[in-house]
Amino acid sequence: MTHLDELESESVYVLREVAAQFENVALLFSGGKDSIVLSYLARKAFWPARIPFVLLHIDTGHNFEETLTYRDAWAEKLGARLLVRSVQDSIDQGRVTEESGVHASRNVLQTVTLVDAIMELGLDACLGGARRDEEKARAKERFFSHRDAFSQWDPKNQRPELWQLFNGHKAPGEHFRVFPLSNWTELDIWRYIQREKIPMPSLYFTHTRPVFERNGMVLAASEILPRLPEETVTERRVRFRTIGDMTCTGAVDSPAATIEEIVAEVAAARTTERGTRADDKRSEAAMEDRKRTGYF
């Protein structure tokens with residue numbers, strides 16, 4: 001059994017445990033590589049039956065168009081039911097207040113939309129594609145991560161998972177976030193995509209795009225991203241290592257046009273993939289602070 005076989009087997013085991021222990025589950029789908037691989041594994045885990053979870057996308061309204069096109073096509077290919085909940089609806093309902101200024105982002109506003117969706121749908125578990133190697137707060141997560149009735153996470157109150165035994169016991173109103181890809185790395189993900197020949201969004205491959213630089217980040221030029229006078233737009237050959245809200249997701253200069261070239265690039269990389277995310281730079285504990293209040 002290869003390293004990828006072991007990771008695949010572990011993830012499939014976790015997915016089947018979720019199906020066995022919970023009644024109403026959603027797979028949080030962003031259109032990024034991790035949620036794509038997770039949904040692909042879910043299909044494998046339950047084949048030839050359909051995936052027994054809905055796909056849930058929290059749309060900020062500031063997503064890349066390529067992401068939304070891929071999302072719809074991928075859900076149809078999987079034969080999965082796709083649910084979309086909108087941050088714009090949360091703004092219109094007065095549930096959240098949109099930020100203003102050149103650094104405004106809807107990324108953090110997703111938390112309220114997500115928590116509202118969990119309550120509305122009565123979910124008792126949400127599957128996520130987070131990996132422990134991505135970021136230090138995510139490294140603290142267990143496979144089965146408990147959330148209280150307010151969707152809050154307490155990193156000091158984690159349940160032991162000895163011998164891969166998962167405790168999904170919860171009180172009414174509580175739920176779990178479950179991370180079957182916890183032990184994968186970015187390179188594992190790309191090698192698995194290469195092995196399984198999984199189609200990927202075009203954003204991951206090099207393309208010419210109008211961009212500008214801000215605080216060392218390369219951001220896509222867009223009308224939803226106001227620029228400072230000194231920020232000039234140029235065209236560059238870039239690709240994205242992560243895919244999220246346009247206002248906080250940076251690109252990298254890259255000639256990688258194939259999965260093989262991406263694998264080679266990631267293997268040689270000396271910077272983390274989330275180094276291109278402005279949302280993680282807001283404070284030293286930005287991710288943990290968001291996760292404590294119910295973020296992904």
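**Exercise 1.** Which residues do ring pairs link into a cluster with Phe-22?

*Solution.* Start with the ground rules: this is a predicted model, where local features need pLDDT of at least 70, side-chain atom pairs count only at pLDDT 80 or more, and totals for chains, interfaces and linings use all residues. Residues are numbered from 1 along each chain as its sequence is written, and side-chain values use heavy atoms, with hydrogens and water left out.

Next, look for rings of Phe, Tyr and Trp (its six-membered ring) whose centres lie within 6.5 Å. Following these pairs joins Phe-22 with Tyr-13, Phe-143, Phe-144, Phe-166 and Phe-176.

**Exercise 2.** Work out how the rings of Phe-22 and Phe-144 are arranged.

*Solution.* First, recall the classes: planes under 30 degrees apart are stacked, over 60 edge-to-face, and the rest tilted. Here the centres are 5.6 Å apart and the planes meet at 45 degrees, so the pair is tilted.

Then place both residues. Phe-22 is in the loop between helix H1 (3-21) and strand E1 (25-28), and Phe-144 is in strand E5 (residues 144-147), so their pairing ties together parts 122 residues apart in sequence. Helices (H or I, at least four residues) and strands (E, at least two) are DSSP runs, numbered from the N terminus.

Finally, check burial, meaning under 20% relative accessible area (1.4 Å probe, protein chains only): both Phe-22 and Phe-144 are buried.

**Exercise 3.** Find the charged end that sits over the ring of Phe-143.

*Solution.* Look for NZ of Lys or CZ of Arg within 6 Å of the ring centre and within 35 degrees of the ring normal. Arg-132 fits, with its charged end 5.1 Å from the centre of the Phe-143 ring.

Conventions
Buried means under 20% relative accessible area, exposed over 50%, partly exposed in between (1.4 Å probe, protein chains only).
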